[in-house]
Amino acid sequence: TSLSTISLGCVLEFFKTGKFHFNLPGTKTVTFSDARAPTSNDFVGLNYYSEYLVKCQLSLKQPFMFCHRPGGIITDMPQTIYAEGLYFAVQRIAELGVPIYITENGVADAKDDKR
């Protein structure tokens, strides 16, 4: 199961069906429903900057660790440049059947050498 499936997946499912179910192993499960949700959006705004890779580890103090894609170009934030992720995000959100506005995207690059 990917982090995207756990986080974005439950939000998309809520706006498609009106039923929300969030379950991250080792945490509390959250569920609720609202029959108005499937007809509540005229459009969706998408903010996209990067991707996050999440590594799970056997540690109660830090069970998850955020990582960069091996060989990836790191921005000033530091985040990995992963332009393909914008495409994948648009494809995923398109499931809602409403217009998508890309409201934020970009790269932190003070020297302008990563564009």
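Thr75 counts as buried in this predicted model, since its relative accessibility is 8%, which lies under the 20% limit for that class. Thr75 is placed in the loop between β5 (64-67) and α2, and, once residues up to four places away in sequence are set aside, Thr75 touches Ile81, Val107, Ala108 and Lys114. The chain around this residue holds 2 helices and 6 strands, and 20% of its 115 residues count as buried.

**Overall architecture**

- Read from the N terminus on, the elements of the chain follow the order α-β-β-β-β-β-α-β.
- Along the principal axes, the C-alpha atoms of the chain fill a box of roughly 50 × 40 × 20 Å.
- Among the contacts in the chain with a separation of 6 or more, 49% are accounted for by residues 24 or more positions apart.

**Surface and charge**

- The chain exposes about 8,400 Å², and carbon and sulfur atoms supply 58% of that area.
- The chain carries 11 positive and 11 negative charges, and the mean positions of these two sets are 10 Å apart.

**The loop between β5 and α2**

- Besides Thr75, this loop contains Pro78, and a cis peptide bond, with omega at about 0°, joins Met77 and Pro78.
- Tyr82 also lies in the loop between β5 and α2, and Tyr82 counts as buried because its relative accessibility is 18%, under the 20% cut-off.
- When neighbours within four places in sequence are left aside, Tyr82 is in contact with Tyr48, Glu51, Arg69 and Phe88.
- The C-alpha atoms of Tyr82 and Val107 are separated by 9.9 Å, although the two residues are 25 residues apart along the chain; Val107 is also one of the residues that Thr75 touches.

**Helix α2 and strand β6**

- Helix α2 spans residues 84-93, and its buried residues are Gly85, Leu86, Ala89 and Ile93.
- Viewed down the axis of α2, these buried residues fall within an arc of 105°, and they therefore line one face of the helix.
- As background to that arrangement, an α-helix has 3.6 residues a turn, so residues three or four places apart point the same way.
- Ile102 is found in strand β6, and its relative accessible area of 44% makes this residue partly exposed.
- Leaving aside neighbours within four places in sequence, Ile102 is in contact with Leu46, Leu86 and Val90, and Leu86 is among the buried residues of α2.
- Ile102 and Val90 are 12 residues apart in sequence, and their C-alpha atoms are 8.7 Å apart in space.

**Aromatic pairs**

- The structure holds 6 aromatic pairs, among them an edge-to-face pair of Phe14 and Phe15, with 5.1 Å from centre to centre and 65° between the planes.
- The two members of this pair differ in burial class, because Phe14 is buried at a relative accessible area of 13%, whereas Phe15 counts as partly exposed at 25% relative accessibility.
- Another aromatic pair, Phe43 with Tyr101, is likewise edge-to-face, with the ring centres 5.3 Å apart and 85° between the planes.
- This second pair links distant parts of the chain, as Phe43 belongs to the loop between β2 (30-33) and β3 (44-48) and Tyr101 to strand β6 (residues 100-105), 58 residues apart.
- Phe43 is partly exposed with a relative accessible area of 46%, and Tyr101 is also partly exposed, with a relative accessible area of 48%.
- Phe14 and Phe15 belong, together with Phe20 and Phe32, to one aromatic cluster.

**The segment after β6**

- Asp112 is found in the segment after β6, and its phi is near 55°, a positive value in a residue other than glycine.
- Asp112 counts as partly exposed at 49% relative accessibility, because a residue is classed as exposed when its relative accessible area is over 50%.

Key: Residues are numbered from 1 along each chain as its sequence is written. This is a predicted model: local features need pLDDT of at least 70, side-chain atom pairs count only at pLDDT 80 or more; totals for chains, interfaces and linings use all residues. Side-chain values use heavy atoms; hydrogens and water are left out. Buried means under 20% relative accessible area, exposed over 50%, partly exposed in between (1.4 Å probe, protein chains only). Helices (H or I, at least four residues) and strands (E, at least two) are DSSP runs, numbered from the N terminus. The arc is that of the directions from the helix axis to the C-beta atoms. Contact means heavy atoms within 4.5 Å. Accessible areas come from the Shrake-Rupley method with a 1.4 Å probe; for residues, only the protein chains shown count as cover. Lys and Arg count as positive and Asp and Glu as negative; His and the chain ends are not counted. The place of a charge is taken as NZ of Lys, CZ of Arg, CG of Asp or CD of Glu. Rings of Phe, Tyr and Trp (its six-membered ring) pair if their centres lie within 6.5 Å; planes under 30 degrees apart count as stacked, over 60 as edge-to-face and the rest as tilted.
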